[in-house]
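Hi,

Here is the structure I promised to pass on. Have a look at it first, and my notes follow underneath.

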Amino acid sequence: MITELRERTRIRVGRHPSLFFAIYGVRSGYREMLVSRQTRLVIEGFPRSGNTFAVFAFRQAQEVPVRIAHHLHAPAQVIRASRLGIPALVLIRNPMDAVVSLMLREPRFSAGMALSYYISFYEAVAGFRDSYVLGTFEEVTRDYGSVIERVNDRFDTSFGVFEHTGETVKDVFARIEEAHRAKRNSVLVEEKVARPSATKAGLKAGLRKELARDPALEPLVERARAVYGELVSGRTVPAL
């Protein structure tokens with residue numbers, strides 16, 4: 001109960017930039033990931049929506065380092081970028097896939113809490129749809145170069161474009177795994193590393209069946225699918 005209350009509080013805080021930045025701005029471990037006037041690009045999305053691949057692949061494609069705000073999974077990042085006129089890329093994934101992946105990586109998230117988090121994130125950024133480029137999980141993981149090109153066209157930037165080939169993708173995943181091991185004293189935790197695997201695919205299938213069998217979750221599932229459909233189709237959803 002304490003863990004769920006903490007997560008729900010964090011999710012609510014993430015919708016309000018003034019409160020979010022007041023709290024996270026004093027934590028040294030988060031400062032490099034926060035939006036500031038020195039940020040050149042924001043890459044944010046619900047967890048397990050291609051965030052890590054997008055950040056690592058983007059960096060790999062640049063000739064010089066680019067300051068990116070990323071991986072805090074909070075609408076406040078996108079909202080502040082909009083207000084400061086900073087280019088932003090918002091990542092989105094089919095809600096059932098994203099939610100199941102999050103539950104696998106972070107067992108503290110119940111299905112209901114994960115779905116509520118998804119809805120909260122995308123309904124909050126929906127009102128700022130004209131301020132960012134939206135990249136779907138499929139686009140990012142299959143043709144990321146075209147997504148970066150859309151960012152360059154939208155914001156008149158000249159970021160290096162990722163060449164999406166078997167070799168470049170393999171290199172990105174190798175870097176991701178290396179970073180994962182570095183954080184965990186060389187231990188690889190398959191459920192947590194941000195890359196596909198047969199092991200995770202099997203575990204996700206079981207979780208997906210559990211979700212489908214719970215009628216109490218149907219309203220949340222429908223709402224999550226609705227906001228996903230509205231954003232991907234190019235229409236906006238009024239933020240609550």
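To start with a puzzle: is the crossing of H5 and H6 left-handed or right-handed? It is right-handed (left-handed would have the near helix turned anticlockwise from the far one by less than a right angle, right-handed clockwise). Before the rest, two notes on the source. This is a predicted model, where local features need pLDDT of at least 70 and side-chain atom pairs count only at pLDDT 80 or more, while totals for chains, interfaces and linings use all residues. Residues are numbered from 1 along each chain as its sequence is written, and side-chain values use heavy atoms, with hydrogens and water left out.

Helices and strands here are DSSP runs (H or I of at least four residues for helices, E of at least two for strands), numbered from the N terminus.

Back to that helix pair. H5 (residues 95–105) and H6 (111–126) have axes 10 Å apart and pack at about 130°. Axes are lines fitted to C-alpha atoms, for helices over the stretch in contact, and angles run from 0 to 180 degrees between N-to-C directions. H5 and H6 are therefore oblique to each other (under 35 degrees counts as roughly parallel, over 145 as roughly antiparallel, 65 to 115 as roughly perpendicular, the rest as oblique). From H5, the contact (heavy atoms within 4.5 Å) uses Pro95, Ala98, Val99, Leu102 and Met103; H6 brings Ala111, Ala114, Leu115, Tyr117 and Tyr118. By type, that makes 10 nonpolar residues, no polar and no charged. The classes are: Ala, Val, Leu, Ile, Met, Phe, Trp, Tyr, Cys and Pro nonpolar; Asp, Glu, Lys and Arg charged; the others, Gly among them, polar.

H2 (residues 17–24) and H4 (residues 75–84) give another picture. Their axes are 9 Å apart and the angle is about 110°, so H2 and H4 are roughly perpendicular to each other. Pro17, Phe20 and Phe21 of H2 touch Ala76, Gln77, Ile79, Arg80 and Arg83 of H4, a mix of 5 nonpolar, 1 polar and 2 charged residues.

Now the sheet. It is open, with 4 strands in the order S2-S1-S3-S4 and parallel pairing (two strands pair if DSSP finds at least two bridges between them). S2 (68–70) and S4 are at the edges with a single partner strand each, so each has one side without a neighbour in the sheet. The twist averages 20° from one strand to the next. S1 (residues 41–45) pairs with S2 over 3 bridges, and Val42 has Ala69 in S2 as its bridge partner. H4 lies across S1, S2 and S3 (88–92), at about 150° to S1. H8 (residues 144–155) also packs on the sheet, touching S1, S3 and S4, and its direction makes about 175° with that of S4.

A few residues to look up:

- Phe128 sits in the loop between H6 and S4 and is partly exposed at 22% relative accessibility (buried is under 20%, exposed over 50%, partly exposed in between, with a 1.4 Å probe and protein chains only). Leaving aside neighbours within four places in sequence, Phe128 contacts Ile79 and Ser82.
- His71, in the loop between S2 and H4, has a positive phi near 60° and is partly exposed at 23%.
- Asp156, between H8 and H9 (166–183), has a positive phi near 55° and is exposed at 72%.

Cheers
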